Amino acid sequence: MIKFEELFKWCLENGFDQVVLSDTTFSGVVKFLQTATIYKVKGIVGLRVGIDTYIAKDTNDLKKMFSVYNDYGKTPKLVELLKHNFESISQPPIYYLPGQEDYFKALVEYFGKAPEKVSSVADFKGFELNVKGEFLYDLKSTQTLYYNDSKDVFLELLENEKEYYNRLRHEIELVKKFGFEGYFYTIKRIVDLAKENDIEVGPGRGSAVGSLLAYRLGITKINPMKFGLLFERFLNEGRRDYPDIDLDVEDMQRQRLISILREKFANVFNISAFAAMPEKILNEYGALSDYLCDIPVQKTTHAAGVIISTTPMDLPLTPGTETVEWDMKDLEKLGYVKFDILGLKTLTILKHIKEEAKQLWNFSVISKNSDLNDLYEMLPEFERTNEGKKTYKYISVGFTDNVFQLDSFIAKQVVRDLKPRKFEELVLAISLNRPGPIKAGVTREIRQLKLKKELKFKVPQLSDTYGFPIYQEQVMKIAMDLAGLTSVQADELRKAIAKKDVSKVREIYETLTNKLVEIYGSEGKELARVILSLGEYAFNKSHAVAYAHITYLMAYFKINYPKLFYDVYLKYDTTILPTAVYNLQALGFTIRPPKVNIGSLPAQSNRKAEEKTYVMPLYVVPGISPEKAEILQNQTFNSFEEFVEKSGFSLSTIEALIKIGTFDEIFGSRRKAIQKLRSLKSGINPEVVKIGSKLFGKVIQKEEIKVEDDWERTQMEYDILKIALTPPTKIENLLAPFSLAYALQLPFGIHVAVRAGFGTDGKSVFKAHIPDGEYTLIYPNTYELGKLKIDYVLDEEPLKSEISKTTAGNGYERIVLPNGEIIQNARPLKNSFRTLFVRS
């Protein structure tokens, strides 16, 4: 628990010139040795097992110790090998410096145990280390990246480049100049292995999407030239460390990909990460918390990073694992390069949707192109269809629950302001989907610029964002194109702005300002000022472009193929079931409980009604896996009794199916169905009992099973699914549907009835902790007794597309415009309006 800086400072002040690190792991070795070097105190590395600390005398000794530890760290043979190969000392270590005992006691309390033996500083007076050695350690990277010796892939790419030869040549020259070829080849090999094993890889993430070389290698799937993306944001002459090319892969297959990499590379290791006490616990320690907040108390695994090498590496591993004991900062200091492979659930869902979509006869894009292997290249085809245009229409009102990057309240506000109607505007919306731009009023200002068809600054580099600087790449382009700055200077300026500290690049910023004033006068000066404030919201366009492709495709399938979308989504995440139900209801669907095939198939139903009915998949029920649900879909049972006997489900799972209404068509009462189930499981037949009572003269009171009330069914469903389908009572709603208010997160008025803790608008059901009765609700939680009328008061003139005329009519809701004019039977589809109860 001693901080190394304080330890070595104390040593200098008290005449100690060497310190032995006596730890049971190697987690702190790198920081220990580097801090010792700073303070010019000799740091000696030891490994403590029991009461003995085994000493590594030099680099070779330490590497040998790593090897023994890695192979035998959890076996009795460890001590035998350590004794055979290394000298040791038996002095118990100190755990705290003078004056720090309270911190030590706090950690003992936190961990719930104390070391058996603890030395004090006084115990080391006159102590002589009986191990002789130089104790010099040269820890550095022994990592070897993948390299294809058989051919120059870069040269081959360049020879075949027809469109952007000069750009590709420039990128290749810079990569070769810095010796980054092995890094690119390794990333390409990872991506190729994923593809060969049918593991979905995302279109790209971060500034790497701006690299044409990465695109031509197949690492990314977005052509940066089509979107004006900047390679210098990713890599320029001023960069000396390795660039970051992070990979998104489907989350369900990430671990399999890591296993494949271990087969191919042999040396693939996870990275440790360390955490301090949770803030809630820290606060319990009062004045001690300032010190304790920096002490690592928990070791985990880095969520995405792995170290890959084609040759063995001298690294300590947590015994019994494939995890390096050092964190990323330590590894980077030694020269190791990490590869971030992130599991993304959306890719899992999108891949599955893609596979299912191929079976849809009415999937319009398929009629033109049956190959759906690369949806991202096909996105322009999607956009041109009627379905594609419909997608933008729904995005623009905020119908974006469960849509990647746009399912938050802030995102809905952004898209309602920007109203994206084309891909570039969707990219802009994703870039502004953060509190900073909202707080700064950027989205509102861009809305006005778009409406007035104006530009904030008439600068060519800002043309795709209505003259407003939004992207980091725009700042760099302005700096390079207009101010004549180098790519290195432009990137330094970009970094300084992001950190909100331009003191180190004051001269560069002044050059930019002077040039902008020279070209644009006072408007140029204002632009320079705005650029300086970009730290609040400037975004990486390359990243936004890549993720916007995923966003659009998710929205496309949700809006045009909602049943397919939610069938797949719920397979991987049942926690979104309430959101799925409300969104489907907002689209006009009737939601039915899961079904099983019992008896003969029903007569052909009304196809139109069937199209607007969503039957929940069986796997939304706790205890039923998607695999089991698929088997059951292909099975038919002659009777309920046969289902109970042969389905393989537990009593509790079948009872759950009864409670949510799966067997309502067989039993008039869910109570009766539950009684039937229990009698089957107990082996007691009620009919046999009845016959026996007659034979032996016993009189048994006939048990009447009352059909449960609607509100009881509501409670049953909610208990199982955390969402209910059966309204607890009846109500005629003359205002907005609850499901629409929920999906858009807008304060619409709704007529609701409440019974037994549940509210309903006659279709949707939700929890309502108020007395039974009829109310008018302003979403989400403002209630007034009775069925009142509603006014929506606007502070600005709405667009035509922002007025939704209601079909119910009856004058129960209306829009009040800023000039006092009234639009009857209408509600707004926009931000910033007030909803008022009208008592007449």
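In what order do the 4 strands of the open sheet with β1 stand? Keep that question in mind while you orient yourself in this predicted model.

**The whole chain**

Begin with the protein chain as a cartoon, in which there are 36 helices and 22 strands. Its C-alpha trace spans about 95 × 95 × 60 Å along the principal axes, and of its 840 residues, 52% are buried.

**The sheet that holds β3**

Now select β1 to β4, which gives the reply to the opening question: the order is β1-β2-β3-β4, in an open sheet whose pairing is mixed. The edge strands of this sheet are β1 (18–23) and β4, each of which pairs on one side only.

Move next to strand β3, residues 52–55, and show its side chains. Are the residues on its two faces buried or exposed? D52 and Y54 lie on one side, T53 and I55 lie on the other, and all of them are buried, so that both faces of the strand are covered (buried here means under 20% relative accessible area).

With β3 still selected, add strand β2 (residues 42–49), which pairs with β3 in the antiparallel sense over 4 bridges. Two of the contacts are convenient to pick out by residue: V49 has D52 as its bridge partner in β3, while the bridge partner of L47 in that strand is Y54. The hairpin of β2 and β3 has 2 residues between the strands, and there G50 takes a positive phi near 70 degrees.

Then add strand β4, residues 88–89, which runs antiparallel to β3 and is joined to it by 2 bridges. Y54 can serve as the reference point here as well, since S88 in β4 stands opposite Y54.

**A second open sheet**

Leave that region and select β5 to β9. These 5 strands form an open sheet in the order β5-β9-β7-β6-β8, again with mixed pairing. Why do β5 (247–250) and β8 (323–324) each have one side without a neighbour in the sheet? Both stand at the edges with a single partner strand each, and so one side of each is left free of a neighbour in the sheet.

To follow one of these edges, display β5 together with strand β9 (residues 338–344): the two pair in the parallel sense over 4 bridges. Within this pair, L247 stands opposite I341 in β9.

**Two charged surface patches**

Switch to a surface view and select E355, E356, E627 and E630, which form a negative patch. The elements that give two or more residues to this patch are α14 (345–357) and α30 (626–633). E630 lies in helix α30, and with a relative accessible area of 49% E630 is classed as partly exposed.

While helix α30 is in view, select P626, which is also found there. P626 is partly exposed at a relative accessible area of 22%. From P626, measure across to Y572: the two are 54 residues apart in sequence, and their C-alpha atoms are 8.8 Å apart in space.

For a patch of positive charge, select K390, K393, R421, K612 and K763, which together form one on the surface. Among them, K393 is found in helix α17 (residues 386–396). K393 counts as exposed because its relative accessibility is 55%, and the cut-off for that class is over 50%.

**Backbone details in three loops**

The last stops are best seen with backbone atoms drawn as sticks. In the loop between α21 (442–452) and α22 (472–482), find K453, whose phi is near 55 degrees, a positive value in a residue other than glycine. K453 is exposed, with a relative accessible area of 79%.

Go on to the loop between β15 (773–778) and β16 (782–785), where P780 lies. The peptide bond from Y779 to P780 is cis, with omega near 10 degrees.

Finish at S832, in the loop between β21 (826–828) and β22 (833–838). S832 has a positive phi near 60 degrees, and S832 is a residue other than glycine. Is S832 exposed, partly exposed or buried? At a relative accessible area of 39%, S832 is partly exposed.

Conventions:
Residues are numbered from 1 along each chain as its sequence is written. This is a predicted model: local features need pLDDT of at least 70, side-chain atom pairs count only at pLDDT 80 or more; totals for chains, interfaces and linings use all residues. Side-chain values use heavy atoms; hydrogens and water are left out. Patches are made of residues with over 30% relative accessible area and no salt bridge: like charges are joined within 9 Å, nonpolar side chains (Val, Leu, Ile, Met, Phe, Trp, Tyr) within 5 Å. Accessible areas come from the Shrake-Rupley method with a 1.4 Å probe; for residues, only the protein chains shown count as cover. A salt bridge is a side-chain nitrogen of Lys or Arg within 4 Å of a carboxyl oxygen of Asp or Glu. Lys and Arg count as positive and Asp and Glu as negative; His and the chain ends are not counted. The place of a charge is taken as NZ of Lys, CZ of Arg, CG of Asp or CD of Glu. Buried means under 20% relative accessible area, exposed over 50%, partly exposed in between (1.4 Å probe, protein chains only). Two strands pair if DSSP finds at least two bridges between them.
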